[in-house]
Amino acid sequence: MILDDLDIPIVLAPLAGGPATVELARAVSEAGGLGFLAAGYRTAADMAEQVRSFRAVSRRPFGVNVFTPPPAAADPQSYAPYVERLGEEATRAGVPLGEPRCDDDDWDAKLDALAELAVPVVSFVFGCPPAGVVARLRASGIAVWITITTPAEAGQALAAGADALVVQGYEAGGHRASFAGEEAPYGLLALLQLLDAQQRAPLVAAGGLASGRGIAGALAAGARAAQVGTAFLRCPEAGTAEVHRAALAEPAPTAITRAFTGKPARGIVNRFMREHGDAAPAAYPEIHHVTAPLRQAGRRRGDANVVNLWAGQTHELAAAQPAAAVARRLAGEARDALRRASGRAV
Ligand SMILES: Cc1cc2nc3c(=O)[nH]c(=O)nc-3n(C[C@H](O)[C@H](O)[C@H](O)COP(=O)(O)O)c2cc1C
């Protein structure tokens with residue numbers, strides 16, 4: 001069991017869309033945590049190349065994260081008015097909108113490659129893979145983790161054969177992992193307590209964990225490790241855009257929006273979210289493809305108002321430090337916090 005073998009209880013969150021790099025994953029794995037490569041938005045060939053690059057620089061365990069495909073394409077009528085509305089943004093930015101298309105992010109080819117590469121851990125997000133997929137990866141010696149946001153989703157993931165659950169709270173930066181309804185979002189501590197009471201699988205806690213104090217809380221509530229995303233976004237090894245790095249450093253509110261991708265995701269509130277959030281349809285990945293050129297242009301121009309500034313609720317605690325230092329500091333602070341808390345409990 002890989003979680004038992006980590007020197008520090010820190011898992012690097014997979015950070016698709018630019019921030020995830022082989023160097024970042026390597027730094028966290030070499031520091032004694034678990035580095036993660038993000039296969040999302042990449043081809044299977046690209047993903048395999050990253051796995052080989054990681055293995056060329058580290059013998060430590062690592063994971064690869066895969067997007068489970070959407071069950072069905074969205075009805076074009078449900079998003080047509082939104083695409084029309086974004087036309088003005090495209091004119092303003094001087095770039096065309098992308099084509100609204102539904103794809104499976106190279107799902108079959110990724111599964112084939114991962115089984116063949118026999119990577120230590122594969123985590124899934126945005127859906128529960130079928131039991132056959134889980135069994136096939138496990139037969140290749142791979143530990144399968146499934147990301148969940150409610151007790152009901154946890155039940156589905158366990159029925160599919162997951163070795164561990166990535167428990168994502170409402171505080172988390174980036175896309176919500178939810179796949180069975182969004183009506184009643186759970187905070188991380190609430191969800192951990194409910195799942196720990198069932199004692200059915202190891203739990204990896206994700207969402208707003210950007211300090212050792214927070215990680216100590218998650219560990220005390222039953223998590224075996226913390227999956228940390230936003231706190232690594234300002235590391236020099238991360239591929240985070242400059243405009244995103246700058247926004248993370250300042251205190252600012254975050255909110256959940258479908259405006260950028262058609263799927264709920266938490267980011268720092270900006271003009272694009274404020275102006276379009278209420279009108280945005282549930283249509284992922286169609287809207288992701290439509291807004292991609294706008295976001296790219298925004299990153300190039302350094303215009304924070306049109307970029308998806310994914311961030312968890314504690315983003316202002318993210319430090320511009322090398323990733324190994326961040327991982328070790330978080331683990332050391334968590335140990336201290338647990339010691340101090342145990343003094344208060346007696
Ligand atoms: C920029 C960014 C990209 C993300 N990409 C992924 C991804 O590709 N796969 C995934 O499972 N989670 C992804 N997440 C969510 C993380 O796995 C995790 O749930 C989240 O970062 C935890 O909250 P925190 O950001 O407050 O630490 C992403 C989060 C961020 C901030």
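**Close-up 1. Pairing of β7 with β11 in the predicted model.** In this predicted model, strand β7 and strand β11 (residues 265–268) run antiparallel and are joined by 2 bridges. Within this pairing, His175 stands opposite Ala265 in β11.

**Close-up 2. The open sheet that contains β7, β11 and β10.** The sheet has 3 strands in the order β7-β11-β10, and the pairing between them is antiparallel. Its edges are formed by β7 (174–175) and β10 (254–257), each of which pairs on one side only. Strands of a sheet pair through backbone hydrogen bonds, in either a parallel or an antiparallel manner.

**Close-up 3. Buried and exposed residues of helix α8.** In α8, which spans residues 188–198, the buried residues include Leu188, Leu189, Leu191, Leu192 and Leu195. These leucines lie on the same side of α8 because they cover an arc of only 160° around the axis. Gln193 and Ala197, by contrast, are exposed on the other side of α8.

**Close-up 4. Surroundings and end of helix α8.** The elements that cover the buried residues of α8 include the helices α7 (151–160) and α9 (212–220), together with the strands β6 (164–168) and β8 (203–206). Just after α8, Gln199 takes a positive phi of about 50°.

**Close-up 5. The shell of residues around the ligand.** Of the 27 residues around the ligand, those that come nearest are Ala16, Gly173, Gly174, Gly229 and Gly312. By residue class, the shell divides into 13 nonpolar, 13 polar and 1 charged.

Terms used
Residues are numbered from 1 along each chain as its sequence is written. This is a predicted model: local features need pLDDT of at least 70, side-chain atom pairs count only at pLDDT 80 or more; totals for chains, interfaces and linings use all residues. A residue is buried if 20 or more other C-beta atoms lie within 10 Å of its own, exposed if 12 or fewer, and partly exposed in between; C-beta atoms are placed from the backbone. Helices (H or I, at least four residues) and strands (E, at least two) are DSSP runs, numbered from the N terminus. The arc is that of the directions from the helix axis to the C-beta atoms. Two residues are in contact if their C-beta atoms, placed from the backbone, lie within 7 Å. A residue is near a molecule or strand if its C-beta atom, placed from the backbone, lies within 6 Å of it. Ala, Val, Leu, Ile, Met, Phe, Trp, Tyr, Cys and Pro count as nonpolar, Asp, Glu, Lys and Arg as charged, and the others, Gly among them, as polar. Two strands pair if DSSP finds at least two bridges between them.
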